[in-house]
Amino acid sequence: MIGILLKDSSYEQDIRELLMAFYPGESFAHEEKEDVSFYVTGEYESESGGEGYFCLRLVEEGKEKDSRRFAIRYGNRLEAKTAIKRELYGMLSKRTGKTLPWGTLTGIRPTKIVLTRLEQGEPEESIRSFMEETYLTSRQKVDLCVETAKREKKLLRQVDYERGYSLYVGIPFCPTTCLYCSFTSYPIGAWAGKIPLYLEALFKELSYVADRMRGRTLDTVYFGGGTPTSLQAEELDAILSKIEELFDLSPVKEITVEAGRPDSITEEKLKTLRRHGITRISVNPQTMKQETLELIGRRHTVDMVKEKYWLARELGFDNINMDLIIGLPEEDLEDVRATMDEVEHLAPDSVTVHSLAIKRAARLNMFRERYANLKIQNTQEMIDLTAARTREMGLLPYYLYRQKNMAGNFENVGYAAPGKECLYNILIMEEKQTIVACGAGTTTKVAFPAENRLERVENVKDVTQYIERIDEMLLRKEKMLEKLD
């Protein structure tokens, strides 16, 4: 346990996030306790003119082990948190003897910093220097960030930030719940009887959105969850038919459906998706090690992944993504290498490489004692292997994001063959365009590009609550979307 003792809480979250990066899985205390390994204390000393000094100390066994006192403009949020995290980073790096690949960056969108500067015309080398000096980011990660942001910038030229929007449709059901999953997802078997009611509420929300956004250009449509293909073929057909009825799809650049779980895919469902012109699907193994699949609760085999992938190819799908997770329990470098061998043989059009992130809502975290003996590791060597192998397959990084509590403090990267990138993935990360989300547990993000501002409105996660309170969900959306007028 680590103690955080501050005079005020203005920058507590920033300090906590950096501590979490150095000490993943640790808990925190805000008072003196016997089982605290060390304390971080912070105090601001104000002076006239809005400037002053901030004092950081590391205290262990009642003794000050390290301290920093530095000038700061405490009221300037961005400047102050950057300075505090940079000084704390130096103290923690000295204490642990290690550095972090992303330096002080703990937010989930590092490419957003780079993309903004590229769009402002700043030279690449200047951006690289800024990232290294300001955030202490490693040159390797800065290079990845710049390469990805440049590709994003090129792809986003076809998108209208002001008058365009994207549509997200949430299907919060899965065959089973995976050990690491924290998304809004419910076992389809237990909810089969309520699917008609869920679709009725979803159709009502979609009808509202189609009417509210009429006159704007719909750029991308994305079906996520959950696993959309948990639904029956006729249910998928009903949703897609309703969307075709309600929305003008002529300007749409891509429609993605996550068919992620191979045990949810059937030939009939794939034919339904093809009939409705779905341009991109995901068939996600996460790993090609059978023992791991069983451990994490994915009730399908490696052979089933291959079977459903080739079935999709035979039916004409020419843009198939595969998700992988690095750092799954009990896996090592050789397991990752074996998975990449299998994936390379399949030759998907894109591969998204995730570093395992253990969130609060995941069973792996909620039942920590049960899984305490599982070995979870992620190394730079594993990440480098996936980067090298995807490039050998002709796939290049086109979007990137990070999460808290990631094994190894690395990142998630989407690699795609040229022309097979997913625009929606870039838009959701870079927050350049309004994304209207429908369904239980979804979040609508309304972008105001001229003001460089984003506002969110959420739907309730519980399916029953969503069904019963759908009119309330529409009112929430209306209060937000009316600001676009």
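How many of the six residues in strand β17 are buried? Hold that thought for a moment, everyone, while I say what we are looking at. This is a predicted model, so please keep that in mind throughout.

Right, back to β17. The strand runs over residues 443-448, and five of its six residues are buried, so it is mostly covered. Its partner is β18, residues 453-458, and the two pair in the antiparallel sense over six bridges. If you want a place to put your cursor, take Phe448, which stands opposite Arg453 in β18. Together β17 and β18 make a hairpin, with four residues between the strands. In that turn, Asn452 has a positive phi of about 50°.

Also in the loop between β17 and β18 is Ala450. Buried or exposed, what would you say for Ala450? It is exposed, with a relative accessible area of 73%. Now look across to Tyr161: it is 289 residues away from Ala450 along the chain, yet their C-alpha atoms are separated by 9.5 Å.

Let me zoom out to the whole protein. We have 485 residues, and a compact globule of that length would have a radius of gyration near 23 Å; the value here is 23 Å, so the two agree. Along the principal axes, the C-alpha atoms fill a box of roughly 70 × 55 × 45 Å. In secondary structure, the count is 17 helices and 18 strands. Buried residues make up 56% of the 485. As for contacts, take those with a separation of 6 or more: 71% of them are between residues 24 or more positions apart. And on the outside, the protein exposes about 20900 Å², of which carbon and sulfur atoms supply 47%.

Next, a sheet towards the start of the chain. In what order do the five strands of this open sheet come? The order is β2-β1-β3-β4-β5, and the pairing is mixed. At the edges are β2 (28-29) and β5 (63-72), each of which pairs on one side only.

Let's walk across from the β2 side. β1 and β2 run parallel and are joined by two bridges; Ile2 has Phe28 as its bridge partner in β2. Then β1, residues 2-6, pairs with β3, residues 38-46, again in the parallel sense, over five bridges. Here Ile4 stands opposite Val40 in β3. The next step brings the change of sense: β3 and β4, residues 52-60, pair in the antiparallel sense over eight bridges. Val40 is a handy landmark, as it also has a bridge partner in β4, namely Leu58. While you rotate this sheet, remember that side chains in a regular strand alternate between the two faces.

Now a helix. α7 covers residues 195-212, which is 18 residues, and from first C-alpha to last it reaches 25 Å, close to the 26 Å expected at 1.5 Å a residue. Its buried residues include Ile195, Tyr198, Leu199, Leu202, Phe203, Leu206 and Val209. The list also has charged members, Glu205 and Arg212 among them. As a reading aid, an α-helix has 3.6 residues a turn, so residues three or four places apart point the same way.

A quick word on cysteines. How many disulfides does a search of the whole structure find? Zero. Cys145, for one, is in no disulfide, and the nearest cysteine sulfur, that of Cys422, is 19 Å away. Cys145 counts as buried because its relative accessibility is 0%, under the 20% cut-off. Cys55 is buried too, at 4% relative accessible area.

Last, some backbone spots to click on. The peptide bond from Gly225 to Gly226 is cis, with omega near 15°. Gly226 lies in the loop between β9 (217-225) and α8 (233-246).

Then there are residues other than glycine with a positive phi. For Leu136, phi is near 60°; the residue is in the loop between α4 (124-135) and α5 (139-155), and it is partly exposed at 30% relative accessible area. For Ala347, phi is also near 60°. That residue is in the loop between α12 (333-346) and β13 (350-355), and at 41% relative accessible area Ala347 is partly exposed.

That's my tour. Thanks for listening, and do spin the model around yourselves!

Notes:
Residues numbered from 1 in each chain as written. Predicted model: local features only at pLDDT ≥ 70, side-chain atom pairs only at ≥ 80, totals over all residues. Heavy atoms only, no water. Expected span 1.5 Å × (residues − 1). Buried < 20%, exposed > 50% of the residue type's maximum accessible area, 1.4 Å probe, protein only. Pairing = 2+ DSSP bridges. Rg over C-alpha atoms; globule rule 2.2 N^0.38 Å. Contact = heavy atoms within 4.5 Å. Areas by Shrake-Rupley, 256 points an atom, 1.4 Å probe, with all protein chains shown as cover. Disulfide = S-S within 2.5 Å.
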